[in-house]
Amino acid sequence: MLDDHEPSRTDLAVSPQREENVAYANALMDTEIGQRNARKDSQEATARWIVASTGIVMTLLLGLAKDEGVFSSSASGVARAALVATVALGSLTAVCAIGCLWPRKYDRLGAKGLVNLNDTAFLDKPEHEVMGQVVATRIAIATKMDDLHEDKATWLKWSFRFLACAFVGLVLQGAVLAISPPRSPSERTANIHSGAVAAKSGP
């Protein structure tokens, strides 16, 4: 009779293959988690670019609108509405991009995994069992990363939608100003002056 603690021939035959499979799974998880970290970095870099670009464009837009007299009483109502809509859409673009950048709680190894690493009974287990449990923990981490990255992607998609709408508003405002530009103060003064002169020279 075999001793309970003595490995059987089947265990000896299967164990090397199992260790190779677990090691392969662990190496695969390194690649998978690396890809997820790269996706996170790409999403956040895009969101930062959107925030910075939107801030610059909105600042320039408001400055140009002031120079072109959009805030004056002679400006077209359509031009004013386009300006307000563009600024609002730009603000929503930045808010959604910040939503993508908002810190989220990521698991590294997980509380349970860290406790196991301090457990002598766990560390005394065969190598493939220890590595197998670590791989299982990393799979859970990767799954949570996928959920968080999808949430980031949702914020980023809405940011791009609002950005596209803001560009439409910008084009509309430019078209309105080109067709019906507001009169500058100098033009209004010249019109008043010419009217006064005409009144004096009249019968």
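Here a biologist and a modeller talk through a predicted model of one protein chain.

Biologist: Let's start with the basics. What makes up the fold, helices or strands?

Modeller: Helices. The chain has six helices and zero strands, and reading along the sequence gives the pattern α-α-α-α-α-α.

Biologist: How do you know how far to trust the model?

Modeller: By pLDDT, the predictor's confidence in each residue, which runs from 0 to 100. The chain averages 75, and 71% of the residues score at least 70. Among the elements, helix H2 (residues 77–101) has the highest mean at 88, and helix H6 (residues 185–201) has the lowest at 45.

Biologist: Which stretches have a pLDDT below 50?

Modeller: Residues 1–5 are one of them, and beyond near neighbours in sequence that stretch has zero contacts in the model. Residues 7–14 also stay under 50, with one contact beyond four places in sequence.

Biologist: On to side chains. What makes Glu-32 and Arg-36 a salt bridge?

Modeller: The N to O distance between their side chains is 2.7 Å. The cut-off is 4 Å between a Lys or Arg side-chain nitrogen and an Asp or Glu carboxyl oxygen, so the pair of Glu-32 and Arg-36 at 2.7 Å qualifies.

Biologist: Where do Glu-32 and Arg-36 sit relative to each other?

Modeller: Both are in helix H1 (residues 9–67), and because they are four residues apart there, about one helical turn separates them.

Biologist: Why is Arg-36 called buried, and why is Glu-32 called partly exposed?

Modeller: Buried means under 20% relative accessible area, and partly exposed runs from there up to 50%. Arg-36 comes out at 16%, so it is buried. Glu-32 is at 25%, so it counts as partly exposed.

Biologist: What about Arg-48 and Glu-44: how do you know that they form a salt bridge?

Modeller: Their closest N and O atoms are 3.6 Å apart, and the limit is 4 Å, so the pair of Arg-48 and Glu-44 makes the cut. These two are also four residues apart in helix H1, so about one helical turn lies between them.

Biologist: Is Arg-48 buried or partly exposed?

Modeller: Partly exposed: Arg-48 has 47% relative accessibility, and a residue has to be over 50% to be called exposed.

Biologist: And why is Glu-44 called buried?

Modeller: Glu-44 has a relative accessible area of 11%, so it falls under the 20% limit.

Biologist: Which residues does Glu-44 touch, leaving aside its neighbours within four places in sequence?

Modeller: Leu-101 and Lys-152. With Lys-152 there is a salt bridge as well, the closest N and O atoms being 2.9 Å apart. Glu-44 lies in helix H1 and Lys-152 in helix H5 (residues 127–179), so the pair ties together parts that are 108 residues apart in sequence. Both partners, Glu-44 and Lys-152, are buried.

Biologist: Which residues make up the salt-bridge network?

Modeller: Lys-40, Glu-44, Arg-48 and Lys-152 are linked in it. Over the whole structure, the search finds six salt bridges.

Biologist: Now the packing. Why are H2 and H5 called roughly antiparallel?

Modeller: Their angle is about 160°. Anything over 145 degrees counts as roughly antiparallel, so H2 and H5 get that label. Their axes are 8 Å apart, and their crossing is left-handed.

Biologist: How do you know that residues far apart in sequence come together in space?

Modeller: Take Asn-21 and His-128: they are 107 residues apart in sequence, yet 8.9 Å apart in space, C-alpha to C-alpha. Another pair is Ala-175 and Ala-79, which are 96 residues apart along the chain with their C-alpha atoms separated by 8.8 Å. For the chain overall, among contacts with a separation of 6 or more, 85% are between residues 24 or more positions apart.

Biologist: What makes Asn-21 and Ala-175 partly exposed?

Modeller: Their values lie between the 20% and 50% limits. Asn-21, found in helix H1, has a relative accessible area of 44%, so it is partly exposed. Ala-175, found in helix H5, gets that label too because its value is 35%.

Biologist: Last one: how much of the chain is buried?

Modeller: Of its 203 residues, 28% are buried.

Note on methods: Residues numbered from 1 in each chain as written. Predicted model: local features only at pLDDT ≥ 70, side-chain atom pairs only at ≥ 80, totals over all residues. Heavy atoms only, no water. Buried < 20%, exposed > 50% of the residue type's maximum accessible area, 1.4 Å probe, protein only. Contact = heavy atoms within 4.5 Å. Axes fitted to C-alpha atoms, helices over the stretch in contact; angles between N-to-C directions. Parallel < 35°, antiparallel > 145°, perpendicular 65-115°, else oblique. Left-handed = near helix turned anticlockwise from the far one by under 90°.
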